[in-house]
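Open your viewer, switch to a cartoon view and keep the selection box handy. Here is a short walk with a few stops along the way.

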Amino acid sequence: MEFNFLALLASAASALVMGFIWYNPKVFGNAWMQAADMTEEKMKGANMAKIFILAFVFAFFLAFAIQFLAIHQTGAISMVGGDVENALPSFAAFMEDYGDAFRTFKHGALHGVIAGIFIALPIIGTNALFERKGTKYILINSGYWIVTLAIMGAIVCGWK
């Protein structure tokens, strides 16, 4: 299985687009600012180019990782040590039968939601507890990641 670089780029870009929507003042932006103890003054003077470039790089890392959670064929490939050219004939037969099984946007979105709930939420929740942030902060930020990972999973799994 080869990586779909365009799907990875689109998936990473979707995280930024979703962030523009989710953290817009008309959606959750004002509530997030209050929950995060963020002010307009704190936001001024930030190097936005650096923030968006790094956010895109981090989103690309997530897109790369989520494909291993959403695309089950990567598990089959790992069973032969990644060397599909020297795998036993049974591997080729297996891939012939199941090579596109569960390669849908819907299936990728499901795995994205699962990753959001069982990976992103506990990480954000733990950090928030130690940072003395409230439930609203946890719900806004983890909600963003649950939705975003669903979109990212859909893109990397469904775009063949």
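Start by selecting Ser-11, which counts as buried at 0% relative accessibility (buried means under 20% relative accessible area, exposed over 50%, partly exposed in between, with a 1.4 Å probe and protein chains only). Ser-11 sits in helix H1; helices here are DSSP runs of H or I with at least four residues, strands are runs of E with at least two, and numbering starts at the N terminus. Now show what surrounds Ser-11: leaving out residues up to four places away in sequence, it touches Ala-63, Met-152, Ile-155 and Val-156, where contact means heavy atoms within 4.5 Å. Add Phe-56 to the selection as well: it is 45 residues from Ser-11 along the chain, with 9.8 Å between the two C-alpha atoms.

Before moving on, a word about what you are looking at. This is a predicted model, in which local features need pLDDT of at least 70 and side-chain atom pairs count only at pLDDT 80 or more, while totals for chains, interfaces and linings use all residues. Residues are numbered from 1 along each chain as its sequence is written, and side-chain values use heavy atoms, with hydrogens and water left out.

Zoom out to the whole chain. You should find eight helices and zero strands. The C-alpha trace spans about 65 × 30 × 25 Å along its principal axes. Of the 160 residues, 34% are buried. Among contacts with a separation of 6 or more, 82% join residues 24 or more positions apart.

Next, select Gln-67 in helix H4. Is this residue buried or exposed? Gln-67 is buried, with a relative accessible area of 3%. Its contacts, again not counting residues up to four places away in sequence, are Phe-3, Leu-8, Thr-74 and Val-156. You have met Val-156 already, as one of the residues that Ser-11 touches.

Move along to Gln-73 in helix H5, residues 73-79. Gln-73 also counts as buried, at 5% relative accessibility. Try a distance from here to Ile-146: the pair is 73 residues apart in sequence and 23 Å apart in space, C-alpha to C-alpha.

Now turn on the surface and select Val-17, Phe-20, Ile-21, Val-27, Phe-28, Met-48, Ile-51 and Phe-52, which make a nonpolar surface patch of about 700 Å². Such patches are made of residues with over 30% relative accessible area and no salt bridge; nonpolar side chains (Val, Leu, Ile, Met, Phe, Trp, Tyr) are joined within 5 Å, and like charges within 9 Å. Areas come from the Shrake-Rupley method with a 1.4 Å probe, and for residues only the protein chains shown count as cover. Helices H1 (5-22), H2 (25-35) and H4 (48-70) each supply at least two residues of the patch. One member, Met-48, lies in helix H4 and counts as partly exposed at 40% relative accessibility.

For the charged stop, select Lys-42 and Asp-37. They form a salt bridge, with the closest N and O atoms 3.8 Å apart; the term means a side-chain nitrogen of Lys or Arg within 4 Å of a carboxyl oxygen of Asp or Glu. The structure holds one salt bridge. Asp-37 lies in the loop between H2 and helix H3 (40-43), and has a positive phi of about 60° although it is not a glycine.

Finish at Arg-132, in the loop between helix H7 (105-130) and helix H8 (135-158). Its phi is positive too, near 60°. Arg-132 counts as exposed, at 68% relative accessibility.
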